[in-house]
Amino acid sequence: MGKPLLDNQALYCYHNEAMRDYFEQYKFAGDYYLRKVFQAEFQQFIRQKYPQRKWKYCIIPVDQHMVNERGFNQVKGLTAKLKTEQWLVMDDERHRVKQSHKNRAERMQTQQPFILQSPVKVKNQSVVLIDDIYTTGRTLYHAQDLLLKAGAAEIRSVTLAR
């Protein structure tokens with residue numbers, strides 16, 4: 001049996017010039033102020049779709065660990081006012097090539113980049129993974145795989161663009 005499909009919802013389509021320009025400035029050129037363009041709408045969508053009650057959804061931003069190079073984490077910038085859990089962290093980025101520098105085939109060959117910091121807390125949780133862009137989905141599927149192995153009950157994802 002194959003891996004379960006990930007239920008991802010995106011607010012916008014990445015394949016248009018305006019959205020590509022936005023990400024070029026925000027994510028790649030490091031213009032942190034641009035997080036405000038979509039921050040309120042993105043957070044409102046997540047709050048409405050996935051209410052955060054003690055027993056319902058646990059929100060986990062995908063850890064990008066680009067803080068040193070970029071000066072900020074773009075996913076955390078978009079979700080700054082949400083209650084999130086930082087249970088997933090990058091394993092060892094010293095030898096990691098950014099996904100944006102890979103073609104589709106190279107992205108699909110990427111090995112598991114995450115470590116689960118609190119496996120016990122994940123058991124029986126309904127999880128919503130948050131990321132900025134869904135391209136091949138490989139990053140989100142890696143996160144889903146790790147969380148399912150730790151006993152998560154349900155995993156969905158929300159991205160700003162796809």
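**Exercise 1. Read the overall plan of the protein.**
Task: Which pattern does the protein follow along the sequence, and how many helices and strands does it have?

Solution. Step 1: Read along the sequence, the pattern is β-α-α-β-α-α-β-α-β-α-β-α-β. Keep in mind that you are looking at a predicted model.
Step 2: Count the elements, and you arrive at 7 helices and 6 strands.
Step 3: Now turn to the chain as a whole. Of the 162 residues in the protein, 46% are buried. The exposed surface comes to about 9100 Å², with carbon and sulfur atoms supplying 49% of it.
Step 4: Finally, look at the contacts with a separation of 6 or more: residues 24 or more positions apart account for 81% of them.

**Exercise 2. Map the sheet.**
Task: In what order do the strands of the open sheet lie, and which are the edge strands?

Solution. Step 1: The open sheet has 4 strands in the order E1-E6-E5-E2, and the pairing is parallel.
Step 2: Its edge strands are E1 (7–12) and E2 (57–61), each of which pairs on one side only.
Step 3: Ignoring direction, neighbouring strands of this sheet are turned by 25 degrees against each other on average.
Step 4: Follow the pairs of E5 (residues 126–133). Strands E2 and E5 pair in the parallel sense over 5 bridges. Cysteine 58 has valine 127 in E5 as its bridge partner, and proline 61 has isoleucine 130 in E5.
Step 5: Strands E5 and E6 also run parallel and are joined by 7 bridges. Here serine 126 has glutamate 154 in E6 as its bridge partner.

**Exercise 3. Place helices against the sheet.**
Task: Which strands does H2 lie across, and which strands does H7 touch?

Solution. Step 1: H2 lies across E1, E2, E5 and E6 (154–161), and runs at about 145 degrees to E1.
Step 2: H7 (residues 138–149) packs on the sheet and touches E1, E2, E5 and E6. The direction of H7 makes about 160 degrees with that of E5.

**Exercise 4. Describe a helix pair.**
Task: How are the axes of H1 and H2 arranged, and which residues meet?

Solution. Step 1: Two packed helices are described by the angle and the distance between their axes.
Step 2: The axes of H1 (residues 17–28) and H2 (residues 35–49) come within 11 Å and cross at roughly 110 degrees.
Step 3: Angles from 65 to 115 degrees count as roughly perpendicular, so H1 is roughly perpendicular to H2.
Step 4: Met19, Tyr22 and Tyr26 in H1 meet Arg35, Val37 and Phe38 in H2. Sorted by class, this contact has 5 nonpolar, no polar and 1 charged residues.

**Exercise 5. Zoom in on one residue.**
Task: Is aspartate 132 buried or exposed?

Solution. Step 1: Find the residue: aspartate 132 lies in strand E5. This strand is mostly covered, with 8 of its 8 residues buried.
Step 2: Buried means under 20% relative accessible area. Aspartate 132 has 1% relative accessibility, so it counts as buried.
Step 3: See what surrounds the residue. Leaving aside neighbours within four places in sequence, aspartate 132 is in contact with Phe23, Lys27, Gln74, Val75, Leu78, Thr159, Leu160 and Ala161.

Conventions
Residues are numbered from 1 along each chain as its sequence is written. This is a predicted model: local features need pLDDT of at least 70, side-chain atom pairs count only at pLDDT 80 or more; totals for chains, interfaces and linings use all residues. Side-chain values use heavy atoms; hydrogens and water are left out. Axes are lines fitted to C-alpha atoms, for helices over the stretch in contact, and angles run from 0 to 180 degrees between N-to-C directions. Helices (H or I, at least four residues) and strands (E, at least two) are DSSP runs, numbered from the N terminus. Angles under 35 degrees count as roughly parallel, over 145 as roughly antiparallel, 65 to 115 as roughly perpendicular and the rest as oblique. Contact means heavy atoms within 4.5 Å. Ala, Val, Leu, Ile, Met, Phe, Trp, Tyr, Cys and Pro count as nonpolar, Asp, Glu, Lys and Arg as charged, and the others, Gly among them, as polar. Two strands pair if DSSP finds at least two bridges between them. Buried means under 20% relative accessible area, exposed over 50%, partly exposed in between (1.4 Å probe, protein chains only). Accessible areas come from the Shrake-Rupley method with a 1.4 Å probe; for residues, only the protein chains shown count as cover.
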